[in-house]
Amino acid sequence: MKKKAILVLVLIFIGALAFGISRVIQNPEQYEKTEPEITTIAEVCSVSEDQAKTIWTILQDCGVGAIETIEHDELLDGFDSPDELGYRITTKSANHVMLYLTGAGEVSTIRHAGEVLYS
């Protein structure tokens, strides 16, 4: 009787595992974990998730740490070109990192303390 109970539990476990794996295979995007910064960039800057990932990668390459806040600043709009939008980013280590995006959602320039970090 004990062997049958153990066998039933093992079969239930294997079935549940197979069901879980099949769900992940059918809907992989539902189970992908997106960094919160990417989600924030996509929402605030009105860009796609892929564009937000690219922006986040460029920011990290420039040494900008984890984003605490990012907000659109109309005073920064049109700095280098008429369709450009400006955003102020605050991190734990730096305030007022300025991110400039083209109308197509691509990084134009990143500045901090009068220094160009990306162009």
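Two strands count as paired when DSSP finds at least two bridges between them. Helices (H or I, at least four residues) and strands (E, at least two) are DSSP runs, numbered from the N terminus. What you see here is a predicted model, in which local features need pLDDT of at least 70 and side-chain atom pairs count only at pLDDT 80 or more, while totals for chains, interfaces and linings use all residues. Residues are numbered from 1 along each chain as its sequence is written, and side-chain values use heavy atoms, with hydrogens and water left out.

**View 1. Two partners across β2 and β3.** Ile89 has Val97, in β3, as its bridge partner. β2 and β3 run antiparallel and share five bridges. Five residues sit between the strands of this hairpin, where His96 takes a positive phi near 60 degrees. On to β1 and β2: five bridges join this antiparallel pair, and Thr69 is matched with Thr90 in β2.

**View 2. The whole sheet.** Here is an open sheet of five strands in the order β1-β2-β3-β4-β5, with antiparallel pairing. Its edge strands, each pairing on one side only, are β1 (67-72) and β5 (115-118). Neighbouring strands are turned by 25 degrees against each other on average, direction ignored; axes are lines fitted to C-alpha atoms, for helices over the stretch in contact, and angles run from 0 to 180 degrees between N-to-C directions.

**View 3. The β4 and β5 end.** Strand β4 (residues 107-112) is joined to β5 by three bridges, and the two run antiparallel. Ile110 stands opposite Tyr118 in β5. The loop between β4 and β5 holds Gly114, which is exposed with a relative accessible area of 76%. (Buried means under 20% relative accessible area, exposed over 50%, partly exposed in between, with a 1.4 Å probe and protein chains only.) For a sense of scale, Gly114 and Ile14 are 100 residues apart in sequence and 60 Å apart in space, C-alpha to C-alpha.

**View 4. Arg111 and its surroundings.** Arg111 lies in strand β4. Is this arginine, Arg111, buried or exposed? Arg111 counts as buried, at 18% relative accessibility. Setting aside residues up to four places away in sequence, Arg111 touches several others, among them Phe79, Asp80, His96 and Tyr100; contact means heavy atoms within 4.5 Å.

**View 5. Helix α4 on the sheet.** Helix α4 (residues 49-61) lies across β1, β2, β3, β4 and β5, at about 35 degrees to β4. Its buried residues are Ala52, Ile55, Trp56, Ile58 and Leu59. Seen down the axis of α4, they fall within an arc of 165 degrees, so they line one face of the helix; the arc is that of the directions from the helix axis to the C-beta atoms. Asp50 and Asp61, on the other side of α4, are exposed. Just after α4, Gly63 takes a positive phi of about 90 degrees.

**View 6. The nonpolar core.** A nonpolar core is a set of buried Ala, Val, Leu, Ile, Met, Phe, Trp, Tyr and Cys residues joined through side-chain atoms within 4.5 Å. The largest one has 21 residues, and Ile41, Ile55, Leu59, Ile70 and Leu99 have the most contacts inside it. α4 gives the most to this core, with five residues. Leaving aside neighbours within four places in sequence, Ile41 is in contact with residues including Ala52, Trp56, Leu59 and Ile67.
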